[in-house]
Amino acid sequence: MMLRPYRAILSARFRMLLQYRAAAIAGVWTQIFFGLALIMIYEAFYASTTVADQPMTMVQIASYVWLGQALLAMMPWGADSEIRAMVRSGAVAYELCRPVDLYGLWFARGVAQRTAPTVLRAVPMTIFAVWALPLLGLPEWRLEPPTAAAGVGFACTLVGALVLACAMTTLINISLLWTISGEGIVMISTTLASFFSGMIVPLPLFPEWAQTVLGWLPFAGIADLPFRVYNGDIPLADLGLVLARQLGWTLVLVVLGRRLLARGMRHLVVQGG
Amino acid sequence: MVAQIVVENLCKAFQVAERRPGMWGAIRGIARRTYRTVRALDGISFSIDAGELVGYIGPNGAGKSTTVKTLAGILVPDSGRCEVRGRVPWKQRLAHVAELGVVFGQRTQLWWDLPVVESFELLRDIYRVPEDRYVRTRDELIAVLDLGALLDVPVRQLSLGQRMRCDLAAALLHAPPIVFLDEPTIGLDAISKLAVRDFIKRLNRENGVTVVLTTHDMDDIETLCTRVMVIGGGKILSDGTLADLRARVTRERWLTIDLADGVTWTDEVDATVIRQEGSRVCLAFDPQVVAPAELIRRVTARYAIRDLFVENPPIETIIARLYAAESLPP
């Protein structure tokens, strides 16, 4: 009963976002292309180096890359088109007239915004990366299924990554109250999230000093950490630590988001009188 | 009677960034912005009792929407007191808005891509309305607003009049005792306007819902409102019945005469011609200087006429004069 409004908006948004099939199909092709290109680059690097002791094996890299491509839509980029339209037209006034916690409502929207497109893309991507690649004669490039223990660990940290990504998404959406169009914030957040989360270059391949810095940032929690739990780079003994990092950052970002939203509402000028 | 809405000395100012014209102005604007302070509400006071239907009128930018948004808990005023059913809207926002229905006529609260009924169900969940009560209220609204055929249509396919009827229903699914309607008839055709007006009247008379109605449509005011508040420049200029408002601004009445064929109008003392189109002449007169009966007697004694009638100046004229008297832009 308490959560009824949030569940309702989450499910409505989720169902609505499932309609975007054409975008998902286009996304799947792009991600397959990117995944193959990235793996080829790393294979070329690994083949031409004399260093024997690499931070990750080629199998681990392939898994890391494919997980990143399959879960790309879970990354906190893009603002909620509905919230953007509401702020622009002034219909956000209605949103402020609802007898529900506005942050909670927008977080629920964020969850839908991150899960629906991910579900649409992740399933065909996984099928391709796990089963189709070996059939195409490229078994060494496939997404290796995890060990049972790593699988359970991955499932846990994936949930942690999702709530963290949703807290970031909600923060982006709240920023629309100031910037209205949100294009700048979206661009910055996209770059930050994709680079610092390991989506472009796996974080273990960064130099030591950079890894120390990245360890202090929230972005590793949305991609790098769960991926490394999956491929065994992070031992299961450290699972608690990973979850603590994810949830700690989620908490910080939720508190920050709530503060910003409260301030945004105080200074709100509803567009169009 | 207990006042349901109490507003005392409410003030709200906005900082508006000013843009200088031209390229040079835009470049200077990067380095230094100038702001202009707009006093949207400049010490507004009123109180509204349960079951009242109050019209709230004023030109664009007068502070109407700012008042409504403050009462709805969306905007926080700079100073002053405001209580709705004993609550301060922006401080006890959740409890306050649960008892409030709002319609902003220029915007919809329905989900654009969803069929109407799905929007209703979402609102049911957001307002936590129990299922049996929801079904009862929804069916009543469907019957009164004639929505039966619209329920399965996606909102984007509705005409403006249909959408407005659905929006009214959406605002009332949780059976709020107070409703704010911000320009609910804007852009509607004549038939839709009548339907909306009729519905608002019933809502107020039969269900005892307190209604605050902002509008630019004076017919809305004349057919619906027992009380009219006029706002201009962030101040309440007039608050009372329509008759009070007329009496305050002018005693003037209008006499319209249709002359018989071939008759030409010359002149008439104690009355001024304000309009003459063909054989139709419209006179303005002060009933305390010349009684209507006397004026009609004089006119009919002097001219052959086909028809005549006496009326009050339209409310638009009254309001325009009120603003002129307060030297405000219309």
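The legends below describe close-up views of chains A and B in a predicted model.

**View 1. The helices of chain A.** The secondary structure of chain A consists of 11 helices and 0 strands, so that the order of elements from the N terminus reads α-α-α-α-α-α-α-α-α-α-α. Along its principal axes, the C-alpha trace of chain A spans about 65 × 40 × 35 Å. A compact globule of 273 residues would have a radius of gyration near 19 Å, and the 20 Å found for chain A agrees with this expectation.

**View 2. Interior, contacts and surface of chain A.** Of the 273 residues in chain A, 53% are buried. Where contacts in this chain link residues at least 6 apart in sequence, 81% of them join residues at least 24 apart. The surface that chain A exposes comes to about 12,500 Å², of which carbon and sulfur atoms supply 72%.

**View 3. The two domains of chain B.** Chain B is divided into domain 1, covering residues 3-247, and domain 2, covering residues 251-312. The centres of domain 1 and domain 2 of chain B, taken over C-alpha atoms, are separated by 42 Å.

**View 4. Pairing of strand E1 in chain B.** Strand E1 (residues 3-18) of chain B runs antiparallel to strand E2 (residues 34-49) of chain B, and 13 bridges join the two. E1(B) also pairs with strand E4 (residues 79-84) of chain B, again in the antiparallel sense, over 5 bridges. Ile5(B) illustrates both pairings, since this residue stands opposite Ile48(B) in E2(B) and has Val84(B) as its bridge partner in E4(B).

**View 5. The open sheet of chain B in the order E11-E12-E10-E13.** The sheet is formed by 4 strands of chain B, and their pairing is antiparallel. Strand E11 (272-277) and strand E13 (305-311) of chain B stand at the edges, and because each has a single partner strand, one side of each is left without a neighbour in the sheet. From one strand to the next, the twist averages 20 degrees.

**View 6. Edge strand E11 and helix H10 of chain B.** The antiparallel strands E11(B) and E12 (residues 280-285) of chain B are joined by 5 bridges, and within this pairing Thr272(B) has Ala284(B) in E12(B) as its bridge partner. Helix H10 (residues 292-302) of chain B packs on the sheet, where the helix touches strand E10 (253-259), E12 and E13 of chain B. The direction of H10 in chain B makes about 20 degrees with that of E10(B).

Definitions and conventions:
Residues numbered from 1 in each chain as written. Chains lettered and ligands numbered in written order. Predicted model: local features only at pLDDT ≥ 70, side-chain atom pairs only at ≥ 80, totals over all residues. Heavy atoms only, no water. Pairing = 2+ DSSP bridges. Axes fitted to C-alpha atoms, helices over the stretch in contact; angles between N-to-C directions. Contact = heavy atoms within 4.5 Å. Rg over C-alpha atoms; globule rule 2.2 N^0.38 Å. Buried < 20%, exposed > 50% of the residue type's maximum accessible area, 1.4 Å probe, protein only. Areas by Shrake-Rupley, 256 points an atom, 1.4 Å probe, with all protein chains shown as cover. Domains from an automatic or database assignment.
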